[in-house]
Amino acid sequence: MGASCFSIVCLLSNFLRRSATAAGLSSQTVEIDGDTTIHFWGPTAATSKPNLVLIHGFGPPSLWQWRQQISFFAGEFDVYVPDLLFFGDSFTNSTDRSEVFQATCLAKLLENLQIHRYSVVGTSYGGFVAYLMAAASPEKVEKVVIASSAVNMRRSDNDRLMKKAKVDKIEDLMLPTTASGLRTLLDLVLFRRPYMPEFLLNDFLDKLYSENRKEKLELLKELRIGQDEVVTISPLSQETLIVWGEQDQIFLLEKATELNKLLGEKAKLKVIKKASHCPQLERADQFNNIVNDFFVHGFNMY
Ligand SMILES: *[C@@H]1O[C@H](CO)[C@@H](O)[C@H](O)[C@H]1NC(C)=O
């Protein structure tokens, strides 16, 4: 980093790292078992503030996905922003590619850091991980935010998405290798895609999408959520906030209303207008206020 930084993506990456540092976070790596190393951004020194874990989805590194949340929440929370396995600098030699394994590894990381109580916010793929962490450890996970994440995804939802994106395989959409492939993805995940010239798209592909491609393909193939037509998810014991972009093209809003029903009384849904699959970036102020109100007041205010 630094010395030979001639691309826009590289400059932005440096800017994001500096912003995280300014918010009191630092880049840290923990070996959680003989096979697995997890990288995360977390408080340089833990305080007595409540702990908040932000779990990214498929896409660019975690700081890019949570760039509008880190400094907003760092005032009131000890914020942890891990890289899921095969994203950023997290890696494992284990052959397990399931989202259950991602959840187990994050729980181990927090255990390792002596953090025994925390809330989780997960977006998209990260929402699957957040749900699984909450289901596995009700004594540790305090509150849950599931953002743009159809934990209730069916095989047919996947088929619909591939048809819409005009791809044969889901990885052709989620792991683009060409500028036009990335444009297709951005058109679906953003309500309004900003103009991006080809060189910039290529810069993104090169710097943000190319790492551990083989393993990421395996993560998509081994996904357990979305394999079946029958959805079996149990309600969580925690208060759960579901946040969704009204125009989400990856997981339609109807998935959110169904999820809200499946999760029962402890779940509430908040819909953000003029946002697609990334309301935390597209409508950051609204997203932050909704999530913050939930953490501060619970459901009393709804
Ligand atoms: C994976 O195995 C290689 C070769 O043994 C080793 O160098 C590397 O540190 C291991 N990675 C992790 C994350 O444990």
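How far apart do the end C-alpha atoms of residues 50-283 lie, and how much of the span is helix and how much strand? The two ends are 25 Å apart, and the span is 42% helix and 16% strand. This is a predicted model in which local features need pLDDT of at least 70, side-chain atom pairs count only at pLDDT 80 or more, and totals for chains, interfaces and linings use all residues. Residues are numbered from 1 along each chain as its sequence is written, and side-chain values use heavy atoms, with hydrogens and water left out.

**View 1. The annotated span, residues 50-283.** An unreviewed UniProt entry annotates these residues as "domain: AB hydrolase-1". Such annotations may be inferred rather than shown by experiment. Helices (H or I, at least four residues) and strands (E, at least two) are DSSP runs, numbered from the N terminus.

**View 2. Ser149 in its loop.** Ser149 sits between strand 7 (141-147) and helix 6 (155-165). Its relative accessible area is 0%, so Ser149 is buried (under 20% relative accessible area, 1.4 Å probe, protein chains only). A polar atom of the Ser149 side chain lies 2.7 Å from the backbone oxygen of Ser124. The side chain of Ser149 also reaches the backbone nitrogen of Phe128, at 3.4 Å. Beyond neighbours within four places in sequence, Ser149 is in contact (heavy atoms within 4.5 Å) with Ser124, Gly127, Phe128, Trp244, Phe251 and Leu259.

**View 3. Glu99 in helix 4.** Helix 4 covers residues 99-112 and includes Glu99. Glu99 counts as buried because its relative accessibility is 1%. Tyr125 is 26 residues away in sequence, yet the C-alpha atoms of Glu99 and Tyr125 are 8.2 Å apart. Tyr125 is also one of the contacts of Glu99, leaving aside neighbours within four places in sequence. The others are Phe128, Val129, Leu132, Glu222, Leu223, Arg224 and Ile225.

**View 4. The ligand and its surroundings.** Gly34, Asp35, Thr36, Thr37, Phe91 and Asn93 surround the ligand, each with a heavy atom within 4 Å of it. An oxygen atom of the ligand is 2.3 Å from an N or O atom in the side chain of Asn93. An oxygen atom of the ligand is 3.2 Å from a polar backbone atom of Asp35. Taken alone, the ligand exposes 360 Å², and the protein buries 40% of that (Shrake-Rupley method, 1.4 Å probe). The shell holds one nonpolar, four polar and one charged residue. In this scheme Gly counts as polar, Phe as nonpolar and Asp as charged.

How values were computed:
Buried means under 20% relative accessible area, exposed over 50%, partly exposed in between (1.4 Å probe, protein chains only). A polar contact is a pair of N or O atoms within 3.5 Å; within protein, one must be able to donate a hydrogen and the other to accept it, and residues adjacent in sequence count only if both atoms are side-chain atoms.
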